[in-house]
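Hi everyone, thanks for making time. I'd like to walk you through one model, so let me put it on the screen and then we'll go region by region.

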Amino acid sequence: MSLTSSVREYVNRILQDISGMKVLILDSQTVSIVSVVYSQSDLLQKEVFLVELVDSISKSKESMSHLKAIYFLRPTSENIQQLRRQLANPRFGEYHLFFSNIMKDTQIHILADSDEQEVVQQVQEFYADFVAIDPYHFTLHVPSNYIYILPAMVDPSTSQRFCDRVVDGLAAVFLGLKRRPVIRYQRTSDIAKRIAQEASKLMYQEESGLFDFRRMEISPLLLVIDRRDDPVTPLLNQWTYQAMVHELIGIEDNKVDLKSIGKLPKDQEEVVLSSEQDSFFKANMYENFGDIGMNIKRLVDEFQLVAKSNQNIQTVEDMAKFVDNYPEYRKMHGNVTKHVTLVTEMSKIVEERKLMQVSQTEQELACNGGQGAAFEAVTNLLNNESISDVDRLRLVMLYALRYEKDSPVQLMQLFNKLASRSAKYKPGLVQFLLKQAGVDKRTGDLYGNRDLMNIARNMARGLKGVENVYTQHQPLLFQVMESIVKGRLRDVDYPFVGNHFQQGRPQEVVIFIVGGTTYEESRSVALQNASNTGIRFILGGSSVLNSKRFLRDLEEAQRVARSSTSVI
């Protein structure tokens, strides 16, 4: 079962059994959880006439006893306190309380004591404590995402909150799937190890009864890995549709904010990009930018045919037919406009920032050897007035990650050139990245030059040539999945938690990236799932990154590290 179906099913069950006019009350996290699987019109069909945030409900005193209140909240102590205050002076006729994760007994007691007027009809746990952005890709929007980069001792309380949120999210994913996994983690990452151990403690000790599902022949696998093992993928420009929109414009909970683009009709200022709600996007989300242009032209042609047939309204019957089909016509018109706007805007950005030039060098740095040619290409781009500061920074980072041990002198030359060219360049950020995610810190064979199998594969690829120079890069995650499929994921690199081990291949695997996923990786997972190897992969992360977000986390971690008295 896909994650989107699982969450949608939960929301259905929350809404359909309560008849009459309803208000749905969410918190800042559950609003994301619901919005990616349920549209406004879906909510209206379920007689939800008002959607409010729990904070704003507290501020209003107006009585609405004709409405039934459905709360869907994370079981945090803040939310429980909000509810306690609201139940003391109830504004609604009935209260139906649903929580997205496991509640503590003390929280249930607080609610029971607060319900003096007996307005609470039910309290239930529905395990949807993650944002299912695609059927096999979820995120947790963990606040202070940068903290994964730093040792726990720098800020123990923020680090603990981060780990708690991740463990909660993983628990909900497996409760939703009705599975208890064996757990492995990346050996070189302290935070991955900590999350894996805390998740194991929750699933096998503290809440073992809740996770006691029917045993499977081979347990599913939860693999916890660290973003720092592949710092290259979030730094690259993207050339497939979904990943490119996120890199150049930004996607938040499957919505794209287009207000900054200029004069657009009100209904086009924010558009939805969801594989569940948009068939054109579903068919094209993983396609190359070049093919998207052709496919959009076909979409426009189809729309023009429909529009033309609607102009031939001769009779009353024609008119009635047009009115019947009008909602579909409007939806089609909105869809065509949306995709044309997105592609036009991205083409403009590509041209302005000379991204085809930049991206060709990025791909060479990520995929091919040849240090001399790489140094020359990066130097030329640093000298090019058309290249933006952030693109210069990314190029030097990609070069540094690739050749940190090979050419210290040339690396220093690039650092100096970058500092002199880019006023906005943050001193030491590239060095900070190498310290946190350099070759000595990584487990995986990021450049395919440690492992004989990978060296052979790269040679074969070099001889065969690549189909598309802009999309030749494959994330490290692709190798990890391949190792799992072939039963070759090394215990020494990815140890098991506790006394578990796996004989045979798991049929279900959840890979969680501490620090965040990218849409390039979720595409890799979707293609892997489509190849029918008998294993279904699900990808999750603490956030969804593009290069801007990855660099922001890096800068924030560097700032905190500098202000901390701890030695890093």
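Let me start with a question: is Cys 163 buried or exposed? At 0% relative accessibility, Cys 163 counts as buried. By buried I mean under 20% relative accessible area, with exposed being over 50% and partly exposed in between, using a 1.4 Å probe and protein chains only.

Before I go on, the ground rules. This is a predicted model, so local features need pLDDT of at least 70 and side-chain atom pairs count only at pLDDT 80 or more, while totals for chains, interfaces and linings use all residues. Residues are numbered from 1 along each chain as its sequence is written, and side-chain values use heavy atoms, with hydrogens and water left out.

Okay, back to cysteines. Cys 367 is buried as well, at 10% relative accessibility. How many disulfides do we get? The count is zero, taking a disulfide as a pair of cysteine sulfur atoms within 2.5 Å.

Next, helix H7, which runs over residues 156–177. Helices here are DSSP runs of H or I with at least four residues, strands are E runs with at least two, and both are numbered from the N terminus. H7 has 22 residues and reaches 32 Å from its first C-alpha to its last, close to the 32 Å expected at 1.5 Å a residue. That expected span is 1.5 Å times one less than the number of residues. H7 is also mostly covered, with 16 of its 22 residues buried.

Now the backbone around H7, for those of you who like Ramachandran plots. Most residues other than glycine have a negative phi. Just after H7, though, Lys 178 takes a positive phi of about 60 degrees. On the other side, in the loop between strand E7 (137–139) and H7, there's His 141. His 141 isn't a glycine, yet it has a positive phi of about 45 degrees. It is partly exposed, with a relative accessible area of 23%. Ser 144 lies in that loop between E7 and H7 too, and Ser 144 has a positive phi of about 55 degrees, again without being a glycine. Ser 144 comes out as partly exposed, at 30% relative accessibility.

On to charges. How many salt bridges does the structure hold? There are 28, where a salt bridge is a side-chain nitrogen of Lys or Arg within 4 Å of a carboxyl oxygen of Asp or Glu. Some of them join up: Arg 74, Asp 129, Arg 165 and Asp 168 are linked in a network of salt bridges.

I picked three other pairs to show you, each within a helix. An α-helix has 3.6 residues a turn, so residues three or four places apart point the same way. In helix H12 (residues 316–352), Glu 345 and Lys 348 are three residues apart, about one helical turn. Their closest N and O atoms are 3.4 Å apart. Glu 345 is buried at 13%, whereas Lys 348 is partly exposed at 42%.

In helix H15 (residues 389–403), the pair is Arg 392 and Asp 389, also three residues apart. Here the closest N and O atoms are 3.2 Å apart. Arg 392 is buried, with a relative accessible area of 4%, while Asp 389 is partly exposed at 23%.

Then helix H21 (residues 547–563) has Glu 556 and Arg 559, separated by about one helical turn. Their closest N and O atoms are 2.5 Å apart, so have a look at that one on the screen. Glu 556 is partly exposed at 27%, and Arg 559 is partly exposed at 46%.Last stop, two phenylalanines. Phe 537 is in strand E13 (residues 536–541) and is buried, with a relative accessible area of 0%. Which residues does Phe 537 contact, leaving aside its neighbours within four places in sequence? Among them are Tyr 136, Met 481, Ile 484 and Val 525, with contact meaning heavy atoms within 4.5 Å.

Phe 49, in strand E2 (residues 48–53), is partly exposed at 47%. Together with Met 21 and Leu 44, Phe 49 forms a nonpolar surface patch of about 300 Å² of accessible area. Patches take residues with over 30% relative accessible area and no salt bridge, joining like charges within 9 Å and nonpolar side chains (Val, Leu, Ile, Met, Phe, Trp, Tyr) within 5 Å. The areas come from the Shrake-Rupley method with a 1.4 Å probe, and for residues only the protein chains shown count as cover.
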